[in-house]
Structure formats: structure tokens, C-alpha cells
Amino acid sequence: MTAAALSYEWTRMRTLRSTWILAGTAVAATAVVAWGYAETVRGMLGLGIEVGPLESLMLVVGGSSLAPVMAGTIGVLAVGGEYRHRTLRTTLLVTPNRAAALGAKALVVTALAVAFAVAGLASAWAVALAVLTGSSEPAAPAAEFAQFHVGQIMLVVGWGLLGLAIAVIVRSQLLALGAILLLPYAVEPTLRTVGQLAGHGWLETAAAYLPFAAGSAMADVSAGGAGTLLSPASSRADPLLGGLVFFAVIAVLGTAAVMNFRRQDV
């Protein structure tokens with residue numbers, strides 16, 4: 001990978017209007033959702049229902065983030081837009097080495113995903129502290145606090161790389177966007193719900209280790225404990241094992257994407 005490849009890809013992504021629209025949407029939507037969650041927590045406290053600082057952290061700051069789906073969308077657009085508008089030939093004229101061209105896209109998507117994650121966390125924290133200070137403001141011991149934030153950033157980066165890999169494999173921006181939305185928000189929850197309703201504990205546990213659910217577990221600092229707002233331990237993956245599953249899927253799809261990209265007609 002060369003500096004020229006990175007410079008070209010960074011300039012291309014930075015000058016796309018969609019990049020900034022997604023960034024702004026991620027921050028604004030996260031703030032709105034965080035406000036809704038924070039008001040819910042405050043309302044529960046007003047009714048005498050105990051909600052701990054750790055639960056507030058995971059729900060208001062973590063659960064409100066729209067950064068993952070926006071990063072996944074950016075990953076799709078990084079190459080899906082080129083398939084759609086037939087600009088991939090121009091990219092490969094600048095960077096003939098296809099592995100280097102795809103690597104540059106992955107690095108730029110990673111950088112943008114980190115920026116999205118940090119901005120989303122800052123937005124959620126600002127709302128959480130404004131609404132919950134003095135009641136049940138988010139908090140955690142130092143080690144768990146660090147794990148939560150690192151896990152959130154890694155989750156967002158993973159979504160971005162998954163979006164990029166899926167778009168290369170299916171060669172369709174629309175299909176890739178559908179996959180990045182339907183898998184985490186329809187397919188995985190459906191399997192988990194089926195396991196709960198049918199009483200199949202094994203299915204509910206297995207659903208926790210599907211890629212996106214497993215990735216979300218990286219920021220779970222509850223140590224499997226239950227609470228007013230936390231889902232049962234049986235429906236949550238172990239953070240370390242979940243992270244390994246998440247990035248193993250990324251590695252497999254990433255390898256398939258590189259092999260596919262190298263032999264694709266453009």
C-alpha cells in the first residue's frame with residue numbers, strides 16, 4: 001500500500017457529501033436516542049425503581065449509539081458507490097495493485113469509523129451528564145470504563161469493515177446495505193426471539209454469538225450480572241469470546257473480499 005493510494009482514497013471519501021451527512025446524522029441521532037433513554041432512566045428512578053450507574057452507562061451511552069450502522073453504511077459506500085457509478089476503473093488507474101487499493105479503502109473506513117465512534121460517545125455522554133447528573137449518572141470502575149469505550153470503538157470499526165467486505169463480495173450497493181441492516185436488526189433478533197418463545201435455551205445462547213450480537217458483547221461490562229435494564233445473562237455473549245467471533249467473521253469475509261476483488265472485472 002502506498003501513500004498515494006491512501007491519499008487518493010481519503011480525498012475521495014472526504015469529498016463525498018454522503019460522508020458528512022452520515023457523520024452528522026450519527027451524532028444528532030445518537031443525542032436524540034440518548035436523551036430518550038436518559039429520560040426513561042430518570043422516570044424509572046422517580047418511580048422508585050433502582051437503576052444503577054453501570055446500567056445507565058450501557059443503555060444511555062452505549063445503547064444509544066447510531067455510529068455502528070453509519071460506519072457500516074460508509075463501508076458499503078466506500079466500494080459500493082464505485083460499482084454503482086462505475087468509477088472503480090479510475091481508482092485502479094491510480095492504484096493498479098488491487099490489494100493495495102482495497103487496503104487503502106479499509107484503512108480510510110477504519111479511520112472514519114473511529115471518528116464516528118468517538119463523536120457518538122461524546123454526544124451520548126453530553127446528554128447523559130446533562131440529564132442524569134445527581135441521579136444515576138453513568139459510571140464504572142476504571143477497568144470496566146476502559147473496556148466499555150474500547151469495545152464500543154472496536155464494534156463501530158468492525159461494522160465499517162463488514163460493510164466494505166460485503167459490498168465487495170456482492171458487488172451491489174443496495175444488496176450490501178440490505179445485509180448490513182437486515183442481519184443485525186431483523187435476522188439475529190428473530191432467531192433470539194424464537195429461542196425465547198420456543199423455550200430453546202440453546203438457540204437463544206447461539207443467537208448471542210451471531211456476528212453483530214457477538215460484537216456488541218465487547219462493550220458488556222456487567223460481568224453477566226442482571227439488572228433492571230439489562231437483558232438476561234443467557235441472551236448475552238461473553239465479551240472476549242464475542243469479540244473473537246466478531247473479528248473472526250470479519251477476517252473470513254475480508255479474505256473472501258480480497259480474493260474476489262483481485263479477479264473481478266471492472
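Which residues in α7 meet which residues in α11? Let's work up to that pairing by way of α6, keeping in mind that this is a predicted model.

Helix α6 covers residues 98–132, and its geometry is a good place to begin. With 35 residues at 1.5 Å a residue, α6 should span 51 Å, and its end C-alpha atoms lie 50 Å apart, so the two values agree. At the start of the helix, a side-chain oxygen of Asn 97 comes to within 3.0 Å of the backbone nitrogen of Ala 99. Just after α6, Gly 134 adopts a positive phi of about 95 degrees.

Now look at the partners of α6, starting with helix α3, residues 53–63. The axes of α3 and α6 come within 9 Å and cross at roughly 125 degrees; because of that angle, α3 counts as oblique to α6. The crossing of this pair is right-handed. From α3, the residues Ser 56, Leu 57, Val 60 and Val 61 meet Leu 121, Ala 124, Trp 125, Ala 128 and Leu 132 of α6. Eight of the residues in the contact of α3 with α6 are nonpolar, one is polar and none is charged.

The next partner of α6 is helix α7, which runs over residues 142–170. Here the axes come within 9 Å and cross at roughly 140 degrees, so α6 is oblique to α7. The crossing of α6 and α7 is right-handed. On the α6 side, the contact includes Leu 102, Lys 105, Val 109, Phe 116 and Trp 125, and on the α7 side it includes Phe 145, His 149, Gln 152, Gly 160 and Val 168. The residues of this contact comprise 18 nonpolar, four polar and one charged.

That brings us to α7 and helix α11, residues 239–263. Their axes come within 9 Å and cross at roughly 25 degrees, which means that α7 is roughly parallel to α11. The crossing of α7 and α11 is left-handed.

And so to the opening question: in α7, Gln 147, Met 154, Leu 155, Gly 158, Trp 159, Leu 161, Leu 162, Ala 165, Ile 166, Val 168 and Ile 169 meet Pro 239, Phe 246, Phe 247, Val 249, Ile 250, Leu 253, Gly 254, Ala 256, Ala 257, Asn 260 and Phe 261 in α11. By class, the contact of α7 with α11 holds 18 nonpolar and four polar residues, with no charged ones.

Conventions. Residues numbered from 1 in each chain as written. Predicted model: local features only at pLDDT ≥ 70, side-chain atom pairs only at ≥ 80, totals over all residues. Heavy atoms only, no water. Axes fitted to C-alpha atoms, helices over the stretch in contact; angles between N-to-C directions. Helix = DSSP H or I, 4+ residues; strand = E, 2+ residues; numbered from the N terminus. Parallel < 35°, antiparallel > 145°, perpendicular 65-115°, else oblique. Left-handed = near helix turned anticlockwise from the far one by under 90°. Contact = heavy atoms within 4.5 Å. Nonpolar A, V, L, I, M, F, W, Y, C, P; charged D, E, K, R; others polar. Expected span 1.5 Å × (residues − 1). Polar contact = N/O pair within 3.5 Å; in protein donor to acceptor, adjacent residues only side chain to side chain.
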